Amino acid sequence: MRALSRLLMATPSTMGSKSSLSEALALLPPLQLYRRILRVHRKKLDPEMRILGDSYLKSEFRAHRNVENPLHIIGFLTEWQLYAQKLEGDTWVGEKLDKNKLDKMSDQQIGQLYELMNAIKNDGEGEGEGQQ
């Protein structure tokens, strides 16, 4: 994400004509976005989901720490920023995953999504047993 600082300092005139790269100016820097998401998790998620969400957030940001491709950086930050906005506005409850996004995912990403789904299901089953 080191290339991001160069993108954030760039102006539309230095980047050429209007392109998807000019949208990078509206993105939060990685550290600010990371902190914002942790704050939203603290406010909006119950403790069990917060642990799961925080650990996933931390692992994803660590995994993308040394990415140099500007398009990957912009895509990564855009999706996390949209996630933060949805979580802040409670529009995420009951929302289904967009089919276009699912089609673009790699096999590894689909595997991660499946693991996340199983973790959520197992957490939900554990709560049901403890309440009886």
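1. In this predicted model, helix H3 runs over 17 residues and reaches 24 Å from its first C-alpha to its last, which is close to the 24 Å expected at 1.5 Å a residue. Its buried residues are Gly53, Asp54, Leu57, Glu60 and Phe61, and these cover an arc of only 135 degrees around the axis, which puts them on the same side of H3. Ile51, Arg62 and Ala63, on the other side of H3, are exposed.

2. Helix H4 can be read in the same manner. It has 20 residues and spans 28 Å between its first and last C-alpha, close to the 28 Å expected at 1.5 Å a residue. Buried in H4 are Ile73, Ile74, Phe76, Leu77, Trp80, Gln81, Ala84 and Leu87; viewed down the axis of H4, these buried residues fall within an arc of 165 degrees, so they line one face of the helix. Leu71 and His72 are exposed, on the other side of H4.

3. Two of the residues named for H4 return in the contacts of Arg36, which itself belongs to helix H2, residues 30–44. When residues up to four places away in sequence are not counted, Arg36 touches Leu28, Gln81, Ala84, Gln85 and Glu88. Although its side chain is that of an arginine, Arg36 has a relative accessible area of 17% and is therefore counted as buried, the cut-off being under 20%.

4. Leu27 is placed in the loop between helix H1 (2–9) and H2, and with a relative accessible area of 10% this residue is also buried. Leu27 and Ile74 stand 47 residues apart in sequence, while the distance between them in space is 8.0 Å, C-alpha to C-alpha; Ile74 is itself one of the buried residues of H4.

5. The largest pocket deserves a separate point. Its volume is about 2,000 Å³, and 39 residues line it, with Tyr56, Glu79, Leu97, Met105 and Leu113 lying nearest its centre. At least two lining residues come from each of helix H3 (47–63), helix H4 (70–89), helix H5 (99–104) and helix H6 (107–130), and H4 gives the most, with ten residues.

6. As to the character of that lining, its residues divide into 20 nonpolar, ten polar and nine charged. The residues nearest the centre of the largest pocket include Glu79 as well as Leu97 and Leu113, so that both a charged residue and nonpolar ones are found there, since Glu counts as charged and Leu as nonpolar.

Technical notes. Residues numbered from 1 in each chain as written. Predicted model: local features only at pLDDT ≥ 70, side-chain atom pairs only at ≥ 80, totals over all residues. Heavy atoms only, no water. 1 Å grid on protein atoms, 1.4 Å probe; cavity = no way out; pocket = protein on both sides within 12 Å on 5 of 7 lines; lining within 4 Å. Points joined across faces, edges and corners; volume = space filled by probe spheres on them. Helix = DSSP H or I, 4+ residues; strand = E, 2+ residues; numbered from the N terminus. Buried < 20%, exposed > 50% of the residue type's maximum accessible area, 1.4 Å probe, protein only. Contact = heavy atoms within 4.5 Å. Expected span 1.5 Å × (residues − 1). Arc of directions from axis to C-beta.
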